[in-house]
Amino acid sequence: MHSKGQGNGERTHRSADARAPARPPQRHHRRKGAVFCVATLLAASAFAGCSSQTGPPALTWYINPDNGTQAKLAETCTTQANGKYRINTALLPRESTGQREQLVRRLAAQDSGIDLMSLDVPYLAEFANADFVRPFTDEERQDLTEGMLEGPLEAAQWEEDLYAVPFNTNTQVLWYRKSVAEQAGLDIGPDAQLTWAQVIEAAEQTKTTVQVQGKRYEGYMVWINSLIMSAGGEILENPEAGKDVRPALDSEAGKRAAEVVKLLADSPAKAADLSNSDEGTTQAGFAADNGGFMTNWPFIFAAANDELRADIGWARWPSVTEGEESRPPLGGIDLAIGAFTKHPDLAVEAVKCITSPESQKTYTLAEGLLPTIESVYDDADVKKAFPMADLLRQSVDDAAPRPVTPYYPDITEAVQRTWHPESGVGDGTPKSAADLIVAVLHDERLL
Amino acid sequence: MTTTATPAPPAVRRGGASDRARSEQRLAWYLCAPAFVLMLVVTAYPMIQAVWLSLQSYRITDPESREFVWFQNYAVVLSDGLWWRDVAVTVLITIITVVVELIIGFALAMVMHRIIFGRGAVRTSILVPYGIITVVSAFAWQFAFAPDSGFINTLFGLENYDFFAQFGSSIAVICMSEIWKTTPFMSLLLLAGLAQVPEELQEAAKVDGATPWQRLWKVTIPNMKAAIMVALLFRTLDAYRIFDNVFIMTSGAQGTETVSFLAYRQMISRTAVGLGSAVSVLLFLTVVLIAVVFIKLFKVDLGRVRGDG
């Protein structure tokens, strides 16, 4: 196409050349002037188009995709603000990694259009360290975090300062089909603490599956982190050291965790698509005829149909060592204020409204995600919607946070890459993860 | 410039010619200037910026530790097994897809060229895949091969075989999707080449008693060699930069990562701008190398395809 256009141009030029003498130069100048005029006019009108605005200041809240409840809360809070501000929502990508990528890109360019953001918990340290989010003052902190759970609140801090207000929290439990557990002769209830070995064995006996998130993505890191911490270990020894961090997963605990992964990967009870499974495919696999056990977030209970729901039982997330309690995963969304916002004071007010007990109750009931305020767990409606509320509450308290470090994206990628696929995990896996983490943080290897 | 060098033509003519030449040259500059400036702004500037960044150790989320490290990033990339693995995977995908596309594309071009009935309908239906966004087609193929929602397993009685659980089958699906999507482009370029083969030559060969097979190899293909080479060049350049299919189907798991994906992960996911730029610059150089090899070694004449050469 391109070369064809050029060819034609050449030819017409040549023939014009043969017939007519060159035009006087002044005409070019005049034409050039006209072109500049038009260009300037166009540019001016384009800019003018952006600046016209009426009404109260608009706050833009970047939200992760949900079933529409964050947008609803934005409306509610806009109404409650009574003309002081209004909240518009902007949707982020579906996966947590993609959400972070967009926010980092915008905030690195000092985008003042991000007033509020729903931030996945593990990225807070990175954002705070890079001054992408605005810290809360001590007064604001007292006002905003009253009655909040210890775990989520700790995860919202970096170097003693509060950089976000926990909006919801999340944890996983072991979901099982009551019929399958009965068949396997397991006597379990909400308080039971099974080991992974027991769960896998029960599934093998009953020819059912154990569904876990094993795709190479953040959900797999969640599993690995909880396995290592349940075995009494940690991924990083001193996460606050930034680049000079010492990995701690090349340890007895790391090897025990690897054994569990390998045990499932070699078992007939693994899902056929283990190395590609995420929250959605495990949910489907659990609902299938040969579904037996699954670790997953509580949203699956709200999403289950009546028939399935009657057969679902729940117990604490499985442990690695018999007789020791597990450290279930910790997830959740924090509400942070963009560092470059033009309306920091209004944003703080909006955060207060969005994270209020009423808002959290609405969100919990509509989305199946857990509140961060203690009192909401005791609410009658919440208890009715989540018969396992007590177990969830306990799991959040005992949960294993992912390493809090500004280099979290590198850490999680390095772990995912070395631990994937599950069938290749072995005794040497924790060491290769540890080596990769150190090399990557010092720019000595690619990730 | 040449006019000033020629020895002593008549004074008047010389002055006139050089005036005209100069004003023409000026006109040419005026005409080219907007495009030239635009090219500098949107192409040259980012390229220079990338080279500059590739000489630094720099993370967007940690601006304080930014430092100039000369060619260290390139040393890291080129000494890393992952880079070479990704290059090998990309080359593998490129070779498989381009060869298969050439064969199927040629067959389709023949069909489009020779067909008498329903010409429009056939041509349109052949071109449909090319009109679909790569990401969408990648999702379509992924869903088709997924063990839970896909129809392929049911169709071939594979039960719950997971195509994306190992290298071989993942690459196969990625290549199939790529081939399905871009063969129409190949066949379009080849169709243009077919249209250039003079009908008289075909008839002469027929009169001489050449079989259809002989006519294909001795008449058609030699006469459209330029079009074939250009089609190969375009597709090779495209295939080497494959990203979407891998991104959607495996996210680089099972060792299916390609060079573009590697660059994306260093640059966008890790925001390691220095290392990411080094990978991008190396990717760019590879693409340039492919183009140079095609043009110099295989003597691809880009002018030939436009039909007026």
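Reader: Is Asn225(A) buried or exposed, and how do I read that?

Author: This is a predicted model, so read every value as computed from it. Relative accessibility is judged against a cut-off, and buried means under 20%. Asn225(A) counts as buried because its relative accessibility is 2%.

Reader: Where does Asn225(A) sit, and which residues does it touch?

Author: Asn225(A) is part of helix H10 of chain A, which covers residues 218-230. Leaving out residues up to four places away in sequence, Asn225(A) touches Ile235(A), Ala400(A), Pro401(A), Arg402(A) and Pro403(A).

Reader: Take a residue in a strand. How buried is Val165(A)?

Author: The cut-off for buried is again under 20%. Val165(A) has a relative accessible area of 0%, so it is buried. Val165(A) belongs to strand E6 of chain A, residues 164-171.

Reader: Which residues does Val165(A) touch, and how far is Ala155(A) from it?

Author: Read contacts as a list of partners, and a C-alpha distance as a separate value. Apart from residues up to four places away in sequence, the partners of Val165(A) are Phe136(A), Leu144(A), Met148(A), Asp334(A), Leu335(A), Val351(A) and Thr355(A). Ala155(A) is ten residues from Val165(A) along the chain, and their C-alpha atoms are separated by 9.7 Å.

Reader: What does chain A look like as a whole?

Author: Start with the count of elements, then burial, then contacts. Chain A has 21 helices and eleven strands. Of its 447 residues, 54% count as buried. For contacts in chain A between residues at least 6 apart in sequence, 75% join residues at least 24 apart. The accessible surface of chain A is about 19600 Å², and carbon and sulfur atoms account for 50% of that surface.

Reader: What are the corresponding values for chain B?

Author: Chain B contains 14 helices and two strands. Buried residues are 42% of its 309 residues. In chain B, 68% of the contacts with a separation of 6 or more are between residues 24 or more positions apart. Its accessible surface comes to about 16600 Å², with 71% belonging to carbon and sulfur atoms.

Reader: How do I read the overall dimensions of chain B?

Author: Set the radius of gyration beside the value for a compact globule. For 309 residues such a globule would have a radius of gyration near 19 Å, whereas chain B has 26 Å. Along the principal axes, the C-alpha atoms of chain B fill a box of roughly 90 × 75 × 30 Å.

Reader: How are charges distributed in chain B?

Author: Count each sign, then compare the centres of the two sets. Chain B carries 24 positive and 21 negative side chains, and the two centres lie 12 Å apart.

Reader: Which parts of chain B does UniProt annotate?

Author: An annotation comes from a record, and the model can be read against it. The unreviewed UniProt entry lists "domain: ABC transmembrane type-1" for residues 87-294 of chain B. Over residues 87-294 the chain is 76% helix and 0% strand, with the end C-alpha atoms 19 Å apart. The unreviewed entry also gives "transmembrane region" for residues 27-48, 87-112, 124-143, 163-180 and 272-295 of chain B. One of these spans, residues 87-112, is 100% helix and 0% strand in the model, and its end C-alpha atoms lie 36 Å apart. Residues 163-180 are 78% helix and 0% strand, with end C-alpha atoms 18 Å apart.

Reader: What can be said of Val273(B)?

Author: Val273(B) lies in helix H14 of chain B, residues 273-297. Its relative accessible area is 8%, so Val273(B) is buried. Val273(B) touches Leu53(B), Tyr58(B), Ile60(B) and Met267(B), residues up to four places away in sequence not being counted. Val122(B) is 151 residues from Val273(B) in sequence and 47 Å from it in space, C-alpha to C-alpha.

Reader: Which backbone angles deserve a look?

Author: Look at omega for a cis peptide bond, and at the sign of phi for residues other than glycine. The bond from His420(A) to Pro421(A) is cis, with omega near -5°. Pro421(A) is in the loop between helix H20 (408-419) and helix H21 (429-441) of chain A. Glu160(A) is not a glycine, yet it has a positive phi of about 75°. Glu160(A) occupies the loop between strand E4 (157-158) and strand E5 (161-162) of chain A. Trp70(B), also not a glycine, has a positive phi of about 55°. Its loop runs between strand E2 (67-68) and helix H3 (72-78) of chain B.

Reader: Are Glu160(A) and Trp70(B) buried or exposed?

Author: Exposed means over 50% relative accessible area. Glu160(A) is exposed because its value is 70%, and Trp70(B) is exposed because its value is 56%.

Definitions and conventions:
Residues numbered from 1 in each chain as written. Chains lettered and ligands numbered in written order. Predicted model: local features only at pLDDT ≥ 70, side-chain atom pairs only at ≥ 80, totals over all residues. Heavy atoms only, no water. UniProt positions renumbered as here; feature names shortened; annotations may be inferred. Helix = DSSP H or I, 4+ residues; strand = E, 2+ residues; numbered from the N terminus. Rg over C-alpha atoms; globule rule 2.2 N^0.38 Å. Buried < 20%, exposed > 50% of the residue type's maximum accessible area, 1.4 Å probe, protein only. Contact = heavy atoms within 4.5 Å. Areas by Shrake-Rupley, 256 points an atom, 1.4 Å probe, with all protein chains shown as cover. Lys, Arg positive; Asp, Glu negative; His and termini not counted. Charge placed at Lys NZ, Arg CZ, Asp CG, Glu CD.
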